[in-house]
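Subject: Structure for your files

Hello,

Here is the structure I said I would send. My notes follow below it.

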Amino acid sequence: HLHFLEKTTAITFIIIIYILLTMSSPEPIALPNPPNDGITSLQYIDNNNSSSQQLLASTSWDGALRLHDTFAKTHVLTHVMECGPLLSMTSYPSASLSSNKVFTGGIDGSIRQFDIATSTPSLIGMHGANSSSDDNKKVACSTLSAIHDSSSLIASAGWDAKFHLWDVRSSNKHQPVITLDLPGKAFGMDTSLDGTKVVVATSGRQNCFIDVRSSSLSTVTNNNNNDKENSQQPPIANMILQRDSSLKYQTRCIKFFPSTQGIAIGSIEGRVAIEYLTELGISNNNKKKYAFKCHRVNDTIYPVNDIAFHPTHGTFATGGADGTVVTWDGNSKKKLASLAKLPTSIACLAFNRDGTELAMASSYTFEEGERDHPREEIYVREVLEGEVKPKVVAK
């Protein structure tokens, strides 16, 4: 009888393991009418907490801004922004009065606003506004980011090695409210969730941290008539730290932790670095910086094209030029799950507001030069709790 029970227990265990291994994980779903050229950014739009629609915006080298509804899996609109290829995009959270607007950065250096409600574009400003037309490729607005806890401030950085802060409601049209010099071309940028800092990754493996806490609107007095009027009190933004990346090769993406305690950096050499900001007086709870290898197939090393933090758990996903998306727990230094293997490079990623869905751009990023490649696609995939929940670290 004991032998029979042991045998039955073993068979039951094998069946359970088989079921766990063969359980189907959510499949990525391709959205209709994808871009016709390289996809450069994805972002979910917080459209006033709509329960019937979940908008996903995308930009691409075909110069068009696209909106999809990921609830209905439908294409909503395509609008050509008339500025050549689009390299960057940002939007405000739903609490902002500007939450129905999308901002794009073009290869011509322009920052443009698109009003979703009216389908109307408008020019905010330009990088290299005083440059000749022959210099357009040198002034491209390569990165954009909305300042959190603000309803009107946009940060931009470009190939002209300039950082600009724009007030989209300013009466002083097309002029940045502040400009800072960067040590090189901007390759990536992010703003902290508390709205106090911007980090810009530039050529030369430099990471620049800018304090934007003083960037606010105020009511000032007009000295000519002693009347009060609403105008822009020039904000103060300072570069408070510039340091080398701990990675040896060019930075491809950079993101703040949701806690603003540190940053995650992805490089062209298939590595992610986790760094802390003790120089800024931010506690790291005695944690040390580290880096790990990822997105490698045998002896082939692929760039890490994007990093997206989960909005609830603080874990993060990486997208690589190997076509895979993987989730990680940075605190426990553990891999959590492999979410997808798509036809070509993962160009960019975005979680929706509650982290239950992940958008992925399958778009060749030319890491192997000019060659035939699968068409551009935007996929969305349900995210399971176990794929993003942090690992329990045994004490």
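In the hairpin of β15 and β16, which residue takes a positive phi? Gly 204 does, with a phi near 80°, and the hairpin has 3 residues between its strands. Please keep in mind that this is a predicted model.

Most of my notes concern strand β15 and its two partners.

β15 runs over residues 197-202, and 6 of its 6 residues are buried. Lys 197, Val 199 and Ala 201 point one way from the strand, while Val 198, Val 200 and Thr 202 point the other way. Residues on both sides are buried, Lys 197 and Thr 202 included.

On one hand, β15 pairs with β16 (residues 206-211) in the antiparallel sense, over 6 bridges. In this pairing Val 200 stands opposite Cys 208. On the other, β15 pairs with β14 (residues 186-191), again antiparallel, over 5 bridges. Here Asp 190 of β14 is the residue opposite Val 199. The hairpin of β14 and β15 has 5 residues between the strands, and Gly 195 has a positive phi near 75° there.

Next, the core. The largest nonpolar core has 19 residues, and Phe 163, Leu 182, Val 198, Val 200 and Ile 210 are those with the most contacts inside it. At least two of its residues come from each of β11 (153-157), β12 (162-167), β13 (178-181), β14, β15 and β16. The strand that gives the most is β11, with 3 residues. As a general point, nonpolar side chains in soluble globular proteins tend to be buried together.

Val 200 is a good place to start when you look at this region on screen. Leaving aside neighbours within four places in sequence, Val 200 is in contact with ten residues you can pick out: Ala 157, Phe 163, Leu 182, Ala 186, Gly 188, Met 189, Gln 206, Asn 207, Cys 208 and Ile 210.

Last, the cysteines. The count of disulfides comes to 0. Cys 253 is in no disulfide, and the nearest cysteine sulfur to its own is that of Cys 294, 9.2 Å away. Why is there no bond between Cys 294 and Cys 253? Their sulfurs are 9.2 Å apart, which is too far for a bond, because a disulfide needs the two sulfur atoms within 2.5 Å. Both residues count as buried: Cys 253 has 4% relative accessibility, and Cys 294 has 5%.

Regards

Conventions. Residues are numbered from 1 along each chain as its sequence is written. This is a predicted model: local features need pLDDT of at least 70, side-chain atom pairs count only at pLDDT 80 or more; totals for chains, interfaces and linings use all residues. Side-chain values use heavy atoms; hydrogens and water are left out. Buried means under 20% relative accessible area, exposed over 50%, partly exposed in between (1.4 Å probe, protein chains only). Helices (H or I, at least four residues) and strands (E, at least two) are DSSP runs, numbered from the N terminus. Two strands pair if DSSP finds at least two bridges between them. A nonpolar core is a set of buried Ala, Val, Leu, Ile, Met, Phe, Trp, Tyr and Cys residues joined through side-chain atoms within 4.5 Å. Contact means heavy atoms within 4.5 Å.
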